[in-house]
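Hi everyone, thanks for coming. I'd like to walk you through one structure today, going from the whole assembly down to a few backbone details.

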2 protein chains.
Amino acid sequence: MEASEAYRSTTRLLERFSAVGADPEGGVTRLLYDAAWREAQRMVAGLMREAGLAVSVDEVGNVYGRLAGTDGAASSVLTGSHIDTVRRGGRYDGALGIAAAIAALSRLKREYGPPRRTLEAVSFCEEEGSRFPLAYWGSGHVTGGKRFDGSLDAVDSNGISLRAAMLEAGFDPEAGRLSRRSDIGAFAELHIEQGEVLERERCDIGIVDAIFGQRRYFVDVEGRAGHAGTTPMAIRADALAAAAEMIVWLRQAAVAAGDGLVATVGMLDAMPNVANVIPGKVRFSLDVRHRDEDALQAFCERTFAAFGDIADRNGVKASLTCWLAERPSPMDAKLQAEIARICADKGYSCRGIGSGAGHDAGLFAAVCRTAMIFVPSRGGISHAPEEDTAPEQLECGTDVLTGLLYALAYGEEEL
Amino acid sequence: MEASEAYRSTTRLLERFSAVGADPEGGVTRLLYDAAWREAQRMVAGLMREAGLAVSVDEVGNVYGRLAGTDGAASSVLTGSHIDTVRRGGRYDGALGIAAAIAALSRLKREYGPPRRTLEAVSFCEEEGSRFPLAYWGSGHVTGGKRFDGSLDAVDSNGISLRAAMLEAGFDPEAGRLSRRSDIGAFAELHIEQGEVLERERCDIGIVDAIFGQRRYFVDVEGRAGHAGTTPMAIRADALAAAAEMIVWLRQAAVAAGDGLVATVGMLDAMPNVANVIPGKVRFSLDVRHRDEDALQAFCERTFAAFGDIADRNGVKASLTCWLAERPSPMDAKLQAEIARICADKGYSCRGIGSGAGHDAGLFAAVCRTAMIFVPSRGGISHAPEEDTAPEQLECGTDVLTGLLYALAYGEEEL
């Protein structure tokens, strides 16, 4: 393969992308509208053009590469992911879906010519929420599935507003709503799993059945500080001992719930956090995710009730503050079956899998047929320089995505 | 009472002391050899002189006020506590024992004249360890019960060495060993309880049966960090969930052990301490105290075994580092009975009590008959500006101390 034909290989495309925003100490940092981001979107546009796609950039900076369909009345099939990263993130999260989209469309064009439905590759401008306190700035605008009221005034860690960042990158901050699309009939996204399920099972392909809903809370436990030596066990109101009971309960309940539910306490701060003082206050985070909204809600309610009981038994007070609530997004059943059929045809192993992480596909699930395909992540690592997926796994995912796009855009079926 | 006779009242003496090192935002700060400390020891010496005591200052800055006995061959009876405080500490911790010593000796002198045994009040230079990383600098030198090898090179938070601090305060850093005493026959210390037992039981006097031994450890739990959304419960190695199980076990075991044993996790740091990442590492402190060395040792061994089991079950590693180990110090049984007799005579309610906090008396227990008397602490609060004990409780404690010193120094019994 010649250097000028990088667009034919997902692996080669990812090598190109990962050079943009590369941190000298490892990892890749591309934050919405910053210099590395602008360079990356220019590179994406250039490679789309090389692949024979018609390029356009929308009002918030999403880059599209279009392969026009023969049926002008049919809705479009869209595929892609996000170009932004977390700080010192990996090479694959987001970028894989864009690279595979370009490689797949270039292959379909070469092998089958123009599709019936218009096929589009997309590089969404933002998904991670790593520069401004908002996420899905790209797919949220395209689908209309996010409310961004007041977001233009949000500031990054340097005090630069989103409005100023857009102006500096050449975008009109007031024009975001024009990027809304209503002509998308299907969306497909290839992504790394960000977990270890596929690797542990030596499975090539994960067919996502749902992007989990998630709730995040702060739990504040208020007890009574005291001298570790002079306060008898019986009269303590130890906020950390109570919090520990809650954490133990949570894990047992999550394991018992099964069905893929995950519940995590990732952050815990004790006060005053001194060896010889009984903690008077503890704040910890609670993150619960599941594929089913009702089950998620029921689990959270059981958790609140259990935490209340534990607090009462310990003579402490517990209060909860919800700071994030996202509903689950089921993936299209017909497309899941189609992906399974493609894997069987091509001899790839596959399994159904839930996505505990959020993705652009979650927003599309509300407006069109949506599919999501996972490839393995080595060691389950993501959002870190060590993120890794082998070239043959990247190409396998691209092959399955290509098959799905063929079925969607070249077939005669309605969406 | 005239202003010039403050030495007659513990309450009045404490008012004087608390003005030295008073923080404008509340609390008292007197750190070893600092300006407030020097002013306080000068004030103590002056008030001792006013009370008719012969004042001397030893090589490390302990201040003695002596009431010479008629029996030159008899050992001395010593009473007092420490003048230093924690940063923004209370008015009573340490200072009460000095004030009560001066008030008691002045009263005994007035009422009974010279004692048979020499009676001495002492203001120890240091006990808290709040300026340099050492404690019992005063009583440790007097009793020879502490090894201070290399301590002169210890530095405070401003980088000033203990050697330099001693020189600045007018002491010879190399002469500390000369402050050792071998003529002490008995030691008595009045102190606030620093707990809520006496207040809850509306009890006037606590007769300390032992100063608890204590062990302090760091427990390091090492699991595997992971994405809170994409790592199924079954394959997690969650360091915080494992630590929580250990904390719950510890509390249950300490309650079950009874007999006054206290076990505390006061400090816990989780890493990376982010809501959506499973904690890969946790370090927490473990503080265990009990009146009996064998029982303390046995409890710690059971704890290590249990923590090991919990770690194994959770697929994490746990390691322990011991950074403090002090043996229990039983108080003299005969003196406990004498204090109980005095309380009965005077109509004060009393009870036996263990001291979960360390005290100067703990060092004397190894070298002479030693007694410790507690008065209530409001709300059990200590080491804070809110430390509080009512004047009548202060005077009640002083009265009991006076009775004990009378029995020890004016009686004919051998020690």
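Before the first result, one definition: copies are superposed here by least squares on the C-alpha atoms of residues with pLDDT of at least 70 in both. And please keep in mind that this is a predicted model.

With that in hand, let's start with the two chains. A turn of 180° and a shift of 0.1 Å along the axis lay chain B on chain A, with an RMSD of 0.1 Å. The two copies are therefore related as by a two-fold rotation axis. If you want to find that axis on the screen, look for B:Ala244: in chain B, its C-alpha is the nearest to the axis, at 2.2 Å.

So how do the copies meet? Through the same surface, because 100% of the interface residues of chain B are also interface residues in chain A. Each side is counted in the contact: 51 residues come from chain B and 51 residues from chain A. The area buried between chain B and chain A is about 4,100 Å², with 59% of it on carbon and sulfur atoms. On the chain B side, the residues that lose the most area to chain A are B:Met233, B:Arg251 and B:Ala275, which together make up 15% of what that side buries.

Now the polar side of this interface. Four salt bridges are found across it by the rule. One to look at pairs the side chains of B:Glu245 and A:Arg251, at 2.8 Å from N to O. There are also 14 residue pairs in polar contact between chain B and chain A. Which element gives the largest share of the chain B side? That is α7(B), with ten residues. The makeup of that side is 26 nonpolar, 14 polar and eleven charged residues.

Let me move inside one chain. Chain A is divided into domain 1, covering 3-211 + 329-410, and domain 2, covering 213-326. Their C-alpha centres lie 36 Å apart. The contact between these two domains of chain A takes nine residues from domain 1 and five residues from domain 2. About 440 Å² is buried between them, and carbon and sulfur atoms give 33% of that. On the domain 1 side, A:Ala210, A:Ile211 and A:Gly356 supply 48% of the buried area, more than any other three residues.

The rule finds two salt bridges across this domain interface. As for A:Lys146, it forms a salt bridge with A:Glu326, where the closest N and O atoms are 3.9 Å apart. Strand β6 of chain A, residues 205-211, gives the most to the domain 1 side that touches domain 2, with three residues. By type, that side of domain 1 divides into four nonpolar, three polar and two charged residues.

Finally, some backbone details. Most residues other than glycine have a negative phi, and most peptide bonds are trans. In chain A, the bond joining A:Met271 and A:Pro272 is cis, with omega about 5°, and A:Pro272 is in the loop between β10 and β11. In chain B, the peptide bond from B:Met271 to B:Pro272 is cis too, with omega near 0°, and B:Pro272 lies in the loop between β10 and β11 of that chain.

My last stop is A:Tyr33, which is not a glycine and yet has a positive phi of about 70°. You'll find A:Tyr33 in the loop between α1 and α2 of chain A. Thanks, and I'm happy to talk it over.

Definitions and conventions
Residues are numbered from 1 along each chain as its sequence is written. Chains are lettered from A and ligands numbered from 1 in the order in which they are written. This is a predicted model: local features need pLDDT of at least 70, side-chain atom pairs count only at pLDDT 80 or more; totals for chains, interfaces and linings use all residues. Side-chain values use heavy atoms; hydrogens and water are left out. Contact means heavy atoms within 4.5 Å. Buried area is the accessible area (1.4 Å probe) that two parts lose on being put together, summed over both. A polar contact is a pair of N or O atoms within 3.5 Å; within protein, one must be able to donate a hydrogen and the other to accept it, and residues adjacent in sequence count only if both atoms are side-chain atoms. Helices (H or I, at least four residues) and strands (E, at least two) are DSSP runs, numbered from the N terminus. Ala, Val, Leu, Ile, Met, Phe, Trp, Tyr, Cys and Pro count as nonpolar, Asp, Glu, Lys and Arg as charged, and the others, Gly among them, as polar. Domain bounds come from an automatic or database domain assignment.
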